[in-house]
Amino acid sequence: MFNEMGIFYWYGYFQPLQLRLDEIKAAGFNGVMLWWEDEMGEAPEKISHIPGRVREQGLDIYNVHMAGLDSDEIWQSSQSRRQAM
């Protein structure tokens, strides 16, 4: 039987990532879904650092929601454009 539960790590309001992860773990969740997109404005945490922080907390990453903006770049013939995306 599958006894694990996950939650979307962005659950509606701004707070420091560590506090968010602490609360997710304390609530009994085993893992998270991440949002993988650069936010507009000043981001409090680099998205490239978030997976490591999640794992350090002892949580699994169940899936990642990719950005929709310019997502067609992954099919471009230009390797540099694909890699940038």
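Q15 is buried, with a relative accessible area of 15%. In this predicted model, Q15 sits in the loop that joins β1 (6-8) to α1 (17-26). The side chain of Q15 makes a polar contact with the side chain of E23, at 3.4 Å. Beyond its neighbours within four places in sequence, Q15 is in contact with R20 and E23. E23 therefore appears both among the contacts of Q15 and as its side-chain polar partner, and Q15 counts as buried because its 15% falls under the 20% limit.

A second buried glutamine is Q57, at 18% relative accessibility. Q57 is placed in the loop between α2 and β3 (60-66). Its 18% lies under 20%, so Q57 is classed as buried. The side chain of Q57 makes a polar contact with the side chain of D22, at 3.2 Å. With neighbours within four places in sequence set aside, Q57 is in contact with Q18, L21, D22 and K25.

The chain as a whole has three helices and three strands. From the N terminus, these elements run in the order β-α-β-α-β-α. The mean pLDDT of the chain is 84, and 87% of the residues score at least 70. Confidence varies by element. Helix α2 (residues 50-56) has the highest mean pLDDT, 95, and helix α3 (residues 79-84) has the lowest, 80. Where pLDDT is low, the predicted coordinates should not be read in detail.

Of the 85 residues in the chain, 22% are buried. The accessible surface of the chain comes to about 6,300 Å². Carbon and sulfur atoms hold 55% of that surface. Among contacts with a separation of 6 or more, 59% join residues 24 or more positions apart.

The largest nonpolar core has eleven residues: Y9, L17, L21, I24, F29, V32, L34, I47, I50, V54 and L59. At least two residues of this core come from each of α1, β2 (31-36) and α2. The largest contribution is that of α1, with three residues. V32 is one of the core residues. Leaving aside neighbours within four places in sequence, V32 is in contact with I7, Y9, I24, V54, L59, D60, I61, Y62 and N63. L21 is another core residue, and L21 is also listed among the contacts of Q57.

I61 belongs to strand β3. I61 is partly exposed, at 25% relative accessible area. This value lies between the limits of 20% and 50%, so I61 is classed as neither buried nor exposed. Outside its neighbours within four places in sequence, I61 is in contact with V32, L34, P51, V54 and R55. Among these partners, V32, L34 and V54 are members of the largest nonpolar core. The C-alpha atoms of I61 and G6 are separated by 8.5 Å, although these residues are 55 apart along the chain.

Aromatic contacts were also examined. The count comes to two aromatic pairs. One of them, F8 with Y9, is edge-to-face. The ring centres of F8 and Y9 are 6.4 Å apart, with 80 degrees between the planes. This angle is over 60 degrees, which is why the pair is assigned as edge-to-face. F8 is partly exposed, at 28% relative accessibility. Y9 is buried, at 11%. Y9 also belongs to the largest nonpolar core.

Two residues represent the C-terminal part of the chain. I74 is found in the loop between β3 and α3. At 44% relative accessibility, I74 is partly exposed. The C-alpha atoms of I74 and A84 lie 8.7 Å apart, with these positions ten residues apart along the chain counted as separation. S80 is placed in helix α3. S80 is exposed, at 53% relative accessible area. This value is over 50%, so S80 falls in the exposed class. The side chain of S80 makes a polar contact with the side chain of S78, at 3.1 Å. Helix α3, which holds S80, is the element with the lowest mean pLDDT, 80.

Conventions. Residues are numbered from 1 along each chain as its sequence is written. Side-chain values use heavy atoms; hydrogens and water are left out. pLDDT is the predictor's confidence in each residue, from 0 to 100. Helices (H or I, at least four residues) and strands (E, at least two) are DSSP runs, numbered from the N terminus. Buried means under 20% relative accessible area, exposed over 50%, partly exposed in between (1.4 Å probe, protein chains only). A polar contact is a pair of N or O atoms within 3.5 Å; within protein, one must be able to donate a hydrogen and the other to accept it, and residues adjacent in sequence count only if both atoms are side-chain atoms. Contact means heavy atoms within 4.5 Å. A nonpolar core is a set of buried Ala, Val, Leu, Ile, Met, Phe, Trp, Tyr and Cys residues joined through side-chain atoms within 4.5 Å. Rings of Phe, Tyr and Trp (its six-membered ring) pair if their centres lie within 6.5 Å; planes under 30 degrees apart count as stacked, over 60 as edge-to-face and the rest as tilted. Accessible areas come from the Shrake-Rupley method with a 1.4 Å probe; for residues, only the protein chains shown count as cover.
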